[in-house]
Number of protein chains: 2
Amino acid sequence: MTYAVGMRLNRGLVFMSDTRTNAGVDNISTFGKMFSWNVPGDRTMTLLTAGNLATTQACVSMLAERTKAPAERAPSILEAPTMFQAARIIAQTLKEVIDENAATGQRADSAFHATLVFGGQIKGGPSRLFLIYPEGNFIEVGLETPFFQIGETKYGRPILVRAFDPDMSVAQAVKLLLVSFDSTIKANLSVGAPLDLMVYEEDSLSEGHRMRFEADDPYLATISATWGDALKSALDQLPDLEIDT
Amino acid sequence: MTYAVGMRLNRGLVFMSDTRTNAGVDNISTFGKMFSWNVPGDRTMTLLTAGNLATTQACVSMLAERTKAPAERAPSILEAPTMFQAARIIAQTLKEVIDENAATGQRADSAFHATLVFGGQIKGGPSRLFLIYPEGNFIEVGLETPFFQIGETKYGRPILVRAFDPDMSVAQAVKLLLVSFDSTIKANLSVGAPLDLMVYEEDSLSEGHRMRFEADDPYLATISATWGDALKSALDQLPDLEIDT
């Protein structure tokens with residue numbers, strides 16, 4: 001499993017992903033699931049992956065190879081004129097990888113499935129954020145749904161739904177994401193630290209700020225330790241029900 | 001789907017269940033999933049059901065018929081000497097119902113599956129709380145896991161894990177449950193109000209306090225409306241991360 005979130009704030013884009021992959025609870029590993037491409041002053045793009053690791057690695061490798069060998073016919077996301085076109089290239093690549101595996105005998109092609117969150121900005125347009133399905137189609141965030149989650153989305157969703165505000169600061173967004181991830185990590189062994197964070201400031205067209213929270217990161221530990229008390233005091237603020245028992 | 005929770009507090013047992021059943025999003029109905037039996041001064045028992053409605057209704061009907069016709073050979077939960085024996089009877093009944101349906105041609109017997117939470121107290125013993133599996137076996141709450149969830153458990157779990165305290169008052173427990181249910185209802189259409197509540201005070205051996213929260217219940221509405229703000233202020237209490245972007 002995996003847990004990854006991309007959100008679009010008024011100030012830019014924020015991405016977070018875990019790094020645990022597993023084939024059963026007795027076979028877990030650490031693999032990054034956050035990839036980014038940057039041409040300073042022109043474009044910056046980030047990709048989060050969830051699903052079959054062979055599929056997502058093949059997909060990312062194909063995208064990366066194309067950016068390095070622009071002479072090849074296949075289109076490169078570094079040359080796409082818009083974020084929409086870049087998303088189409090990624091979606092097409094994902095679909096090709098899945099189809100290729102599915103065609104070699106394996107019937108249950110769901111085993112090869114993967115879902116991606118892709119966001120960034122290309123000069124001349126606003127930042128955009130997409131959710132790409134294994135079928136090769138995709139949707140974009142809207143005002144009503146300003147973030148996308150992939151992987152094990154349920155545990156961490158209520159806090160995002162309740163507390164997300166597109167006007168929030170980057171620091172607030174990071175805090176919100178860490179709480180959402182901490183809730184998920186506590187509940188599902190197949191999601192785990194280190195956590196990768198990427199913050200992209202709108203219109204900067206720069207690489208963005210990337211950092212990693214290790215399992216023993218002091219800030220992550222503080223959030224995890226104090227959130228329980230904060231929740232309890234939030235519950236205490238709510239009025240009690242009057243019942244006679 | 002369904003969402004139901006049974007929890008064991010030091011003060012007694014608290015149960016909550018939703019009432020929505022669905023066969024696709026275009027076919028939803030309201031059915032109670034909370035059943036109780038009481039012999040004042042001797043025993044009180046509550047059952048929560050999740051899963052195939054035909055299975056759970058058949059199971060509850062068989063249990064109820066046996067309590068009304070004690071001359072029948074089949075054992076009645078009203079005559080079981082202990083909660084453990086009562087749980088065995090229910091588990092056996094559940095397994096029989098599922099086996100009966102599964103034997104009539106349907107291969108995918110998972111379609112008939114159901115899971116139950118069963119708790120109560122019989123004179124001479126403490127209150128006990130069990131989670132009964134479709135296979136006919138069951139587990140009991142322990143100090144480390146003092147509550148059981150069935151159905152759509154993920155959305156509402158983080159708040160329970162964080163804020164549950166066996167020492168909490170009934171009013172606090174009801175508040176906690178309503179927040180957990182509200183988070184689930186907001187995320188999954190197949191869970192919905194009215195919500196049934198049952199509060200049993202330890203050693204009372206009385207019927208317990210049962211009430212229903214309709215979708216427009218003012219207390220439920222207050223909890224739902226104020227929880228978002230309470231969460232935001234809880235997040236604000238946490239320290240910000242210092243990052244340079």
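Q: What counts as a helix or a strand here?
A: Both are DSSP runs, numbered from the N terminus: H or I over at least four residues for a helix, E over at least two for a strand.

Q: And what sort of model is it?
A: It is a predicted model, where local features need pLDDT of at least 70, side-chain atom pairs count only at pLDDT 80 or more, and totals for chains, interfaces and linings use all residues. Residues are numbered from 1 along each chain as written, chains are lettered from A and ligands numbered from 1 in the order written, and side-chain values use heavy atoms, without hydrogens or water.

Q: How many salt bridges over all chains?
A: The search finds 22. A salt bridge puts a side-chain nitrogen of Lys or Arg within 4 Å of a carboxyl oxygen of Asp or Glu.

Q: Where do B:Lys95 and B:Asp99 sit?
A: In helix 2 of chain B (residues 83-102). They are four residues apart, so about one helical turn separates them. Their side chains form a salt bridge at 3.2 Å, N to O.

Q: Buried or exposed, that B:Lys95?
A: Partly exposed, at 30% relative accessible area. B:Asp99 is partly exposed too, at 39%. The cut-offs: buried is under 20%, exposed over 50%, partly exposed in between (1.4 Å probe, protein chains only).

Q: What about A:Asp18 and A:Lys33?
A: Their side chains also meet in a salt bridge, at 2.8 Å, N to O. A:Asp18 is in the loop between strands 2 and 3 of chain A, A:Lys33 in the loop between strands 4 and 5, so the pair ties together parts 15 residues apart in sequence. A:Asp18 is buried at 0%, and A:Lys33 is buried at 2%.

Q: Switching topic: how are chain A and chain B related?
A: A turn of 180° with a shift of 0.0 Å along the axis lays chain A on chain B, RMSD 0.0 Å. The copies are thus related as by a two-fold rotation axis. Superposition is by least squares on C-alpha atoms of residues with pLDDT of at least 70 in both.

Q: Which residue of chain A comes closest to the rotation axis?
A: A:Tyr155, with its C-alpha at 2.4 Å.

Q: What does B:Lys175 touch?
A: Among others, A:Asp236, A:Asp240 and B:Tyr219, leaving out residues up to four places away in sequence. Contact means heavy atoms within 4.5 Å. B:Lys175 lies in helix 4 of chain B (residues 170-187) and is buried at 2%.
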